[in-house]
Protein chains: 2
Amino acid sequence: MQVTKTVEETRKQIKQWKKEGKTIGLVPTMGFLHEGHASLIRKCREQNDIVVVSDFVNPTQFGPNEDLEAYPRDFERDSKLCESLGADLIFAPSPEDMYHDPHAFVSIDTLSETLCGKTRPIHFKGVCTVVTKLFHIVAPDRAYFGEKDAQQLAIIRKMVKDLNFDIEIVGCPIVREEDGLAKSSRNTYLNDKERQAALCLSRAVKTGKEVIYIGADAKEVLNPMKAIIEAEPLARIDYVMMVDALTMQPIEKADRDVLVAMAVYIGKTRLIDNFSYGV
Amino acid sequence: MQVTKTVEETRKQIKQWKKEGKTIGLVPTMGFLHEGHASLIRKCREQNDIVVVSDFVNPTQFGPNEDLEAYPRDFERDSKLCESLGADLIFAPSPEDMYHDPHAFVSIDTLSETLCGKTRPIHFKGVCTVVTKLFHIVAPDRAYFGEKDAQQLAIIRKMVKDLNFDIEIVGCPIVREEDGLAKSSRNTYLNDKERQAALCLSRAVKTGKEVIYIGADAKEVLNPMKAIIEAEPLARIDYVMMVDALTMQPIEKADRDVLVAMAVYIGKTRLIDNFSYGV
């Protein structure tokens, strides 16, 4: 497995592989890899000749009061995991190599303004921009994103369609701890009590899945979910919403493909979880 | 020469050429081709195995009160010219094929806010977005832009750098009529009197080139240029400015690579012209 630290050396290797006619899969990550990332890398390994994992904590998707500095990093461990999963290359650039006095960016309106976009107004602009850059550097045939970041996945799919990227976007299911908590690099922020409290998210998801039906009112689905979270003293709801699965706009009835998504603070840690429901 | 009308058939042909190892050059145009475009196509023909000309009046780069409807079109003539210049493919999509409920876009700040960006606030967002789409559809090795649209060229270069497009941007000199008027599809809007009056732009450029020197104050260069335009009753200045050639920000002295650029209304027609000066 190769490790590249610059755009230039990455591009050079990719061009060589392209010349040899290899198909390329990209798994974009911010590192501190867990079983969720591993599932993306495994899927990528199945579907492509070459597996590239990018490992970059992208500063432009963090707001000024967010956890850029605190975000956990462990490149040694990431590197070993990628190697064990059969990745061919990890691209781990420095922020300086990725951004030199940047002025051009990629944004998406409407879809980025609900759910996490309300609390994190610049987040998806940063995501769209860095993903565009990674797509141009790695030139993948397919790219892999987790369904845990459901709004991100919907936004990337729309960006790919609107801007005519010739890349297949593959979404992979949420991976959970045995007790139900969705895997996340941010789970590392939780102390023991918070770790227990955090189970209210997956419990709410489970309840939501049980009560939803075709044509259900949003309130019928969301109220029991909210009740579960509100019963947990360490939890504070950012949002619990039902939205159209394509547009990310709030809807009143589950009369089409929907996403039921939530963000909840457990102490100071903001966690997300969701489920999709199709008609 | 092939003519394609959809993204899908264009991509299919491009993939075939890529498979054969051909290099691809793209000349993005809004059609109604003139000698300026022809010079881009010729340069593209020299440097690439395959020459693709896109011919698309992009609605998203026109403001609500601009000339989208009036913009001249003559696909038959464009097609013959491209064929005579040895182009391999014209891509002439419909607006409906290019845009389906678009929400993602590419923008550039700072560079897009001066010069033409002041009068045309959404223009460069439309340009960056459509050029990104064309780059993704045609996947060129090189793309050709005229230096007449100097701000556009600077913006495209910066966008390519910031977003890591693997495409060489080739700028080509302004082509002028015998009497000096810069070639433009919009020259067709001018009546005989206006056509004469429009010569004040190229006369001002000529004068600017004569008076500029390394370290010259902006006023020393711009005042005689403005005087020439102000002497013309049918002309009204939008701007005449000296800016840093990379950042497009106004500067006081010609102490680096500069662009001296102008936009002038001749009657209702807005024309542009410019020159570059390097230290």
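**A buried arginine, an annotated pair and an enclosed strand**

At a relative accessibility of 16%, A:Arg270 falls in the buried class, and the model in which it does so is a predicted one. The residue belongs to strand S10 of chain A, which covers residues 269-277. Its side chain has a polar partner in the side chain of A:Asp238, at 3.0 Å. Setting aside neighbours within four places in sequence, A:Arg270 also has a fair list of contacts to work through. A:Asp238 turns up again there, together with A:Tyr239. A:Ala263, A:Val264 and A:Tyr265 are on the list as well, and so are A:Cys116, A:Thr119, A:Arg120 and A:Arg186.

A:Arg120 is a handy link to the next site, since A:Gln61 touches A:Arg120 too. What does UniProt say about A:Gln61? The annotation there, from an unreviewed entry, is "binding site". Under that heading the entry lists A:Gln61 and A:Gln152. The two span 92 residues in sequence, but their C-alpha atoms are no more than 11.6 Å apart, so the pair gathers at one spot.

Taking A:Gln61 on its own, the residue sits in the loop of chain A that runs between strand S3 (50-55) and helix H3 (75-84). Buried or exposed? With a relative accessible area of 9%, A:Gln61 is buried. Its side chain makes a polar contact of 2.9 Å with the side chain of A:Asn58. Beyond four places in sequence, the residues touched by A:Gln61 include A:Met30 and A:Glu66, with A:His123, A:Gly126, A:Val127 and A:Val130 also among them.

The other annotated residue, A:Gln152, lies in helix H7 of chain A (residues 150-162). A:Gln152 is likewise classed as buried, with 16% relative accessibility. Leaving out residues up to four places away, its contacts are A:Phe124, A:Val127 and A:Phe145. A:Val127 therefore links the two stories: A:Gln152 touches A:Val127, and A:Gln61 touches A:Val127 as well, within the one spot where the annotated pair gathers, so the link is a local one.

The strand that leads into the A:Gln61 loop deserves its own look. How many of the six residues of S3(A) are buried? Six of the six are, so the strand is largely enclosed by the rest of the structure. Both of its faces are covered: A:Ile50, A:Val52 and A:Ser54 are buried on one side, and A:Val51, A:Val53 and A:Asp55 are buried on the other.

S3(A) has parallel strand partners. Strand S2 of chain A (residues 24-29) is joined to S3(A) by six bridges, and the two run parallel. Three bridges join S3(A) to strand S4 (residues 89-91) of chain A, again in parallel. A:Ser54 figures in both pairings: A:Pro28 stands opposite A:Ser54, and A:Ser54 stands opposite A:Phe91 in S4(A). The connections are helical. S2(A), helix H2 (residues 35-47) and S3(A) form a right-handed β-α-β unit, and S3(A), H3(A) and S4(A) form a right-handed β-α-β unit too.

Helix H3 can also be looked at in the other chain. B:Asp78 is placed in helix H3 of chain B, residues 75-84, and at 1% relative accessibility B:Asp78 counts as buried. Which residues does B:Asp78 touch, not counting those up to four places away in sequence? They are B:Gly31, B:Phe32, B:Leu33, B:Asp55 and B:Ile90. For the last of these, B:Ile90, the separation from B:Asp78 is 12 residues in sequence and 9.1 Å in space, C-alpha to C-alpha.

As for how the two chains relate, chain B superposes on chain A by a rotation of 180° with 0.0 Å of shift along the axis, at an RMSD of 0.0 Å. That is the relation of a two-fold axis. In chain B, B:Val106 has the C-alpha nearest the axis, 2.3 Å from it. Why can the copies be said to meet through the same surface? Because 100% of the interface residues of chain B are interface residues in chain A as well.

Technical notes. Residues numbered from 1 in each chain as written. Chains lettered and ligands numbered in written order. Predicted model: local features only at pLDDT ≥ 70, side-chain atom pairs only at ≥ 80, totals over all residues. Heavy atoms only, no water. Least-squares fit on C-alpha atoms with pLDDT ≥ 70 in both. Contact = heavy atoms within 4.5 Å. UniProt positions renumbered as here; feature names shortened; annotations may be inferred. Helix = DSSP H or I, 4+ residues; strand = E, 2+ residues; numbered from the N terminus. Buried < 20%, exposed > 50% of the residue type's maximum accessible area, 1.4 Å probe, protein only. Polar contact = N/O pair within 3.5 Å; in protein donor to acceptor, adjacent residues only side chain to side chain. Pairing = 2+ DSSP bridges. Right-handed = clockwise from strand over helix to strand, strands pointing away.
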